[in-house]
Amino acid sequence: MKTRTAALGFVLLTGIAAARLAHAEEDVRRLARDVFHQLIEIDTTESTGSTSGAATAMAARLKDAGFPDADVVVVGPDDRHGNVVARLRGSGARRPILFAAHLDVVEARREDWSVDPFRFQEKDGYYYGRGTTDIKDGDAILVTNLIRLVREKYRPDRDLIVALTAGEETGIADGIEWLLKERRSLIDAAYCVNLDGGDFQSKQGRRYLVAVQASEKLSVHFRLEATDRGGHSSLPRPENPIYRIAAALSRVAAYEFPVELNEVTRAYFERMSLLETGPTAADMKAITAASPDAAALKRLSESPYANALLRTTCVATRLDAGHANNALPQRARALVNCRVLPGRDPEKVRKTLARVVGDEKIAVVGPVADWDRPGQSAIAPPARLEPELVRAVEKVGSEMWPGVPVVPTMETGGSDGYYLRPAGIPTFGVSGVFIDMDDVRAHGKDERVGVESFHEGVEFHYRLMKVLSSAPRGGA
């Protein structure tokens, strides 16, 4: 009888524990959805909205959860472009880690969408709304997990800093760039985990890879300009700035920068060669050999994405020429956007462009921010991996999605890492959310994220934060 009573008691206690766990998980799920809902319905576009409202709302949530006022601040250059920075204080055994995502979103017009872009909706297994994938899902994930950790009275061995920022979509210096210049002490860290990068990839409903975006190319604009005295269009001459620029752009289009693999892209192709099949897998393996196969490089370069990983790229993006329909042009200009590999000097790229243009009567000027404004660019630090972070991502990823590989990636576009890396804060994109790579809607119509993908992302980053801020027994 005692044995039977004990067994029944054990079953009862186990059932109670399971019910409590399920209730706790549902509470987290509800909290994450509520935070996400609130963020989507705050307009943070540059034209009609403000990041300050979202920053203030998230600060209020964190303070209500128990964060001291001193550890949650809303700061920015003006009353429209607010950033919220929160710090969960640890023992100080190690340097802090910064977790970042941006609050601002690109414009969205109601007439372009099948749903209201600024109303949070759940439909057909997706959350809809502007920013659901870029990157208010990341904001909601970070806020939710800070609230979870403070409610648990969790004390990390290092400070965990969360920065939700302005200006990433607009390029206006009011977000990360402003914080680095004006309030660096708020965000200074050993490194940054940026949720606006390293998208976890799914294909045809199957989880494909867990990404760690370990570097990004530098975006630099150069201006090509030709001038002439002009004249009446009824008396054409061989000298014509439009023709000069057109011929120069044809030479730029035909030129390929040399292939350069770095630590990150080499690891990417090595691991992808195990995921791909057929000739593509063979080519990826061949280019990582000590003597890369030229034919394999050529075949892979036919893919715009693979080509962008292999080399610096330059492409014409804008043209401006002439001043009247019946006049010979006095000036023609083209803007060329280059995506420069990490560790490469933009000035050397400009000199290469000038050599390729091969025309002393065409000025190759830059970096420029626009047609007539000088631009700034630093040399992007060499691509590298952070072993501690990679190990942590592999640990959590294998727990949640056994068999899904972790793959290092290099961003061909750009993020706030553009400012953080040159400032000495290595930055790594780890989104935590699986995105269907055949249906990427960021910046586009009917932006959406899978409901379960979002909530898995919440759990992933919760575990990641703990792994990165809990020193293993017997070690630092």
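Buried here means under 20% relative accessible area. Keep that cut-off handy as you click around this predicted model.

Start with Tyr268 and Phe269. Both tyrosine 268 and phenylalanine 269 are buried. Show their rings: the centres sit 5.2 Å apart with the planes at 75 degrees, and since anything over 60 counts as edge-to-face, so does this pair.

That is one of 16 aromatic pairs in the structure. For another, select phenylalanine 36 and tyrosine 127, which are edge-to-face at 5.8 Å centre to centre, with 90 degrees between the planes. Colour by secondary structure and you'll see phenylalanine 36 in helix H1 (residues 2–40) and tyrosine 127 in strand E5 (residues 126–128), 91 residues apart along the chain. With a relative accessible area of 0%, phenylalanine 36 is buried; tyrosine 127, at 2%, is buried as well.

Now add Phe120 and Phe454 to the selection: ring pairs join them with Phe36 and Tyr127 in a cluster.

Next, pick out helix H14, residues 451–468. How many of its 18 residues are buried? The count is 13, so call H14 mostly covered. Try a distance between its end C-alpha atoms: you should get 26 Å, which agrees with the 26 Å expected for 18 residues at 1.5 Å a residue.

Last stop: helices H6 (residues 241–254) and H11 (residues 346–357). They pack at about 120 degrees, axes 8 Å apart, and their crossing is right-handed. Show side chains for Ala248, Arg251 and Val252 on H6, plus Leu353, Val356 and Val357 on H11; these make the contact. By class, that contact has five nonpolar residues, one charged and no polar.

Note on methods. Residues are numbered from 1 along each chain as its sequence is written. This is a predicted model: local features need pLDDT of at least 70, side-chain atom pairs count only at pLDDT 80 or more; totals for chains, interfaces and linings use all residues. Side-chain values use heavy atoms; hydrogens and water are left out. Helices (H or I, at least four residues) and strands (E, at least two) are DSSP runs, numbered from the N terminus. The expected span of a helix is 1.5 Å times one less than its number of residues. Buried means under 20% relative accessible area, exposed over 50%, partly exposed in between (1.4 Å probe, protein chains only). Axes are lines fitted to C-alpha atoms, for helices over the stretch in contact, and angles run from 0 to 180 degrees between N-to-C directions. A crossing is left-handed if the near helix is turned anticlockwise from the far one by less than a right angle, and right-handed if clockwise. Contact means heavy atoms within 4.5 Å. Ala, Val, Leu, Ile, Met, Phe, Trp, Tyr, Cys and Pro count as nonpolar, Asp, Glu, Lys and Arg as charged, and the others, Gly among them, as polar. Rings of Phe, Tyr and Trp (its six-membered ring) pair if their centres lie within 6.5 Å; planes under 30 degrees apart count as stacked, over 60 as edge-to-face and the rest as tilted.
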